[in-house]
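Please open the model in your viewer and keep the sequence panel beside it. The tour below goes from one selection to the next and says what is to be found at each stop.

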Amino acid sequence: MLYKIVNNASGIVKVQFMKYFSFLLFMQLLAKLAIGQEYKKYPMWDYNLPMEQRVNDVVSRLTLEEKVHQMLNATPAIPRLGILAYDWWNETLHGVARTPYHVTSYPQAIAMAATWDSNSLYRMADYSAMEGRAIQNMAIEQGKTKDRYVGLTYWTPNINIFRDPRWGRGQETYGEDPFLTAMMARAFVRGLQGEDPKYLKAAACAKHFAVHSGPEPSRHVDNFDPSTYDLWDTYLPAFRELITKANVAGVMCAYNAVNTQPCCANDLLINDISAQAMAIQWLCYQ
């Protein structure tokens with residue numbers, strides 16, 4: 001019997017179909033579970049395959065609209081592929097920043113640089129990545145992966161050269177010395193990303209590429225024309241160190257222009273230096 005018609009005390013006719021409805025609900029749930037696991041058979045989910053093959057597989061399955069949406073820092077979920085919503089924006093200059101969870105806060109970057117102690121900075125980054133992993137696991141468990149500041153992609157370190165205190169963001173840097181900046185930043189990246197040859201503990205992002213040291217209010221319209229010597233001797237050593245030796249996961253281009261071209265579309269920075277001289281893998285564009 002699928003349903004039964006009854007008359008209640010007020011004379012209203014009710015259709016009782018709870019058993020039938022429960023059965024349908026159960027069958028729909030089973031169907032959703034079965035369909036929901038279909039994506040597991042795709043190569044993108046086979047951790048035994050080379051990473052490049054898995055990446056190529058997932059890209060080939062995305063529609064054009066889905067690809068466009070994935071170009072933003074706040075990316076929507078793609079349930080049919082098992083891809084969770086994710087916000088790429090996170091910071092960890094001196095501990096995981098702006099998170100709703102309780103984490104450890106360390107001295108600011110400029111203070112850590114004043115110690116000249118790269119080992120301590122390595123440990124700080126390592127601990128921050130560990131706490132970041134815990135936060136990401138909790139976000140997945142609670143269905144909050146779309147929230148900002150719970151992901152594992154950190155827009156850190158800031159390896160710009162601190163030349164003028166009026167900039168307003170000098171505390172984020174490791175100071176005015178290119179060599180010290182490079183060494184401290186290398187320790188930070190290695191600590192944050194971990195030493196596993198295949199998997200990142202977290203992802204670091206070297207910023208801002210390049211010749212970016214304020215002023216902050218006009219950063220979107222400023223243009224700088226450094227000499228070739230100053231560019232390579234002052235502004236680029238830290239980037240070269242992180243890209244070629246520390247395997248930093250990403251690089252963020254600067255807001256300003258260099259030699260009249262915006263940094264994110266700069267022939268010298270993007271084509272000649274990053275792609276050819278440094279063989280960079282990818283950029284985190286502004």
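A residue is called buried here when its relative accessible area is under 20%, exposed when that value is over 50%, and partly exposed in between. The model is a predicted one, and by that cut-off C263, with a relative accessible area of 0%, is buried.

Begin with the whole protein chain, which has nine helices and nine strands. Of its 286 residues, 41% are buried, and its accessible surface comes to about 16500 Å², with 59% of that belonging to carbon and sulfur atoms.

Next, select residues 205-209, which form strand β5; five of its five residues are buried, so this strand is largely enclosed by the rest of the structure. Add residues 250-253, strand β7, and you will see that β5 and β7 pair in the parallel sense over four bridges. One position to label is C205, whose bridge partner in β7 is G250; C205 counts as buried, at 2% relative accessibility.

Stay with β7 and show the side chains of C253 and C264, which are joined by a disulfide with an S to S distance of 1.9 Å. C253 lies in strand β7 whereas C264 lies in the loop between β9 and α9, so the pair ties together parts that are 11 residues apart in sequence. The link is right-handed, with 80° about the S-S bond. C253 is buried at a relative accessible area of 0%, while C264 is partly exposed at 22%.

Which cysteine sulfur is closest to that of C263? It is the sulfur of C264, but at 6.9 Å the two are too far apart for a bond.

Now select β6, β8 and β9, which make an open sheet of three strands in the order β6-β8-β9, with mixed pairing. Because β6 (223-224) and β9 stand at the edges with a single partner strand each, one side of each is left without a neighbour in the sheet. Strand β8, residues 257-258, runs antiparallel to β9 and is joined to it by two bridges, and A257 stands opposite P262 in β9.

Finish at N266, in the loop between β9 (261-262) and α9 (267-277). Is this residue buried or exposed? At 2% relative accessibility, N266 counts as buried. A polar atom of the N266 side chain lies 2.8 Å from the backbone oxygen of V258, and, leaving aside neighbours within four places in sequence, N266 is in contact with V258, Q261 and N271.

Notes. Residues numbered from 1 in each chain as written. Predicted model: local features only at pLDDT ≥ 70, side-chain atom pairs only at ≥ 80, totals over all residues. Heavy atoms only, no water. Buried < 20%, exposed > 50% of the residue type's maximum accessible area, 1.4 Å probe, protein only. Polar contact = N/O pair within 3.5 Å; in protein donor to acceptor, adjacent residues only side chain to side chain. Contact = heavy atoms within 4.5 Å. Pairing = 2+ DSSP bridges. Areas by Shrake-Rupley, 256 points an atom, 1.4 Å probe, with all protein chains shown as cover. Disulfide = S-S within 2.5 Å.
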